[in-house]
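Me: I should like to learn how to read the features of a structural model, one at a time. May we take them in turn?

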Amino acid sequence: MPTPWAGGTVKGDGTAATTKEGAATEEEGGEEKKVAWGSWRWSAREAVQLPWAFWRALLVFSVLKVARFSEAFVTLHANAVGLKVAHLPMLLVATNLMQSLLTYPLGVVADRADRNGFPGSGRKFMLLGGFGVMILADLLLVTAKAPWQVFIGYLAMGVHMSMTQSNMKAVLSATMPPNVRGTGFAISALAQGIALGAGNFMAGRLCDMFGSAGAFWGGGAFATAALGLGWLLL
């Protein structure tokens, strides 16, 4: 089977040659056959096929992503309240360990709640609970005056990630028709990447204005907005 290469041709002996048309060709028995490629080009018509449920969920999750700025702001705040630089990596170890322990069992709980109740209700309430935990984590970090308080706040952030990260993907996937699921995930990644960039910019500005705790005031505000939107739209 011929292998298409951008701007070139593939001959029967496996060698490549350049064509002006930029299409792949194959020589068989002295005949040259063109192989079309690029028919998979993205079209706006695919995005239009995504239902309103997808766009509503994407709005909620994008607002939440603004609140999920870089963990660098957590380490900055921890250092500001007295945590030694050598101990900062322990924050990341602790929150990742929390996610490793809790993500799977919490996902099972959400799935069982879906099967035993209204479809989608288990994931929705798991997500809303996770949004609430993030608000609590931001509150703990804002009021932290000692390293151990920052540690507790960041552990709460790990619980939040366990409750929301995989469930967000499951909710988005459930809203997408199978024939445009790839397009849906691409749009989701783009939107949430932009939101994450905006969140980091916001966190940096708030830290400049109000000190290292300022970022978490903004994070708490956007997490609260995501909770309200999630209750109404998911």
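Me: In which helix is the place of A44?

Reply: This is a predicted model, and in it A44 belongs to helix α1, which covers residues 44-48.

Me: Is A44 buried, partly exposed or exposed?

Reply: Relative accessibility decides the matter: buried means under 20%, and exposed means over 50%. A44 counts as partly exposed because its relative accessibility is 46%. A separation in space may also be set beside a separation in sequence. A44 and T183 are 139 residues apart along the chain, and their C-alpha atoms are separated by 9.6 Å.

Me: How should confidence be read, and what average pLDDT does the protein have?

Reply: An average is best read together with its weak stretches. The protein averages a pLDDT of 83, and 80% of the residues score at least 70. Over residues 1-30, however, the pLDDT is below 50, although this stretch has 55 contacts in the model beyond near neighbours in sequence. Residues 32-39 also stay under 50, with 21 contacts beyond four places in sequence.

Me: How many residues does the largest nonpolar core have, and which elements each supply at least two of them?

Reply: In soluble globular proteins, nonpolar side chains tend to be buried together. Here the largest nonpolar core has 51 residues, and those with the most contacts inside it are F54, F61, F69, L91, F131 and V150. At least two residues of this core come from each of α2 (52-67), α3 (72-80), α4 (89-116), α5 (121-143), α6 (147-175), α7 (181-210) and α8 (214-233).

Me: With which residues is F69 in contact, leaving aside its neighbours within four places in sequence?

Reply: The partners of F69 are L196, G199, N200, M202, A203, A215, F216 and G219.

Me: Is S162 buried or exposed, and with which residues is S162 in contact?

Reply: S162 lies in helix α6 and counts as buried because its relative accessibility is 0%. Beyond its neighbours within four places in sequence, S162 contacts M98, Q99, L102, T103 and L106.

Me: What volume does the largest pocket have, and which residues lie nearest its centre?

Reply: A pocket may be described by its volume and by its lining. The largest pocket has a volume of about 310 Å³. Its lining comprises 17 residues, with F69, E71, Y154, M157 and M161 nearest the centre. Two or more lining residues come from each of α2, α4, α5 and α6, and α6 gives the most, with four.

Me: How do the residues of this lining divide by character?

Reply: The lining of the largest pocket has eight nonpolar, five polar and four charged residues.

Key. Residues numbered from 1 in each chain as written. Heavy atoms only, no water. Core = buried A, V, L, I, M, F, W, Y, C linked by side-chain atoms within 4.5 Å. Buried < 20%, exposed > 50% of the residue type's maximum accessible area, 1.4 Å probe, protein only. Contact = heavy atoms within 4.5 Å. pLDDT = per-residue confidence, 0-100. 1 Å grid on protein atoms, 1.4 Å probe; cavity = no way out; pocket = protein on both sides within 12 Å on 5 of 7 lines; lining within 4 Å. Points joined across faces, edges and corners; volume = space filled by probe spheres on them. Nonpolar A, V, L, I, M, F, W, Y, C, P; charged D, E, K, R; others polar.
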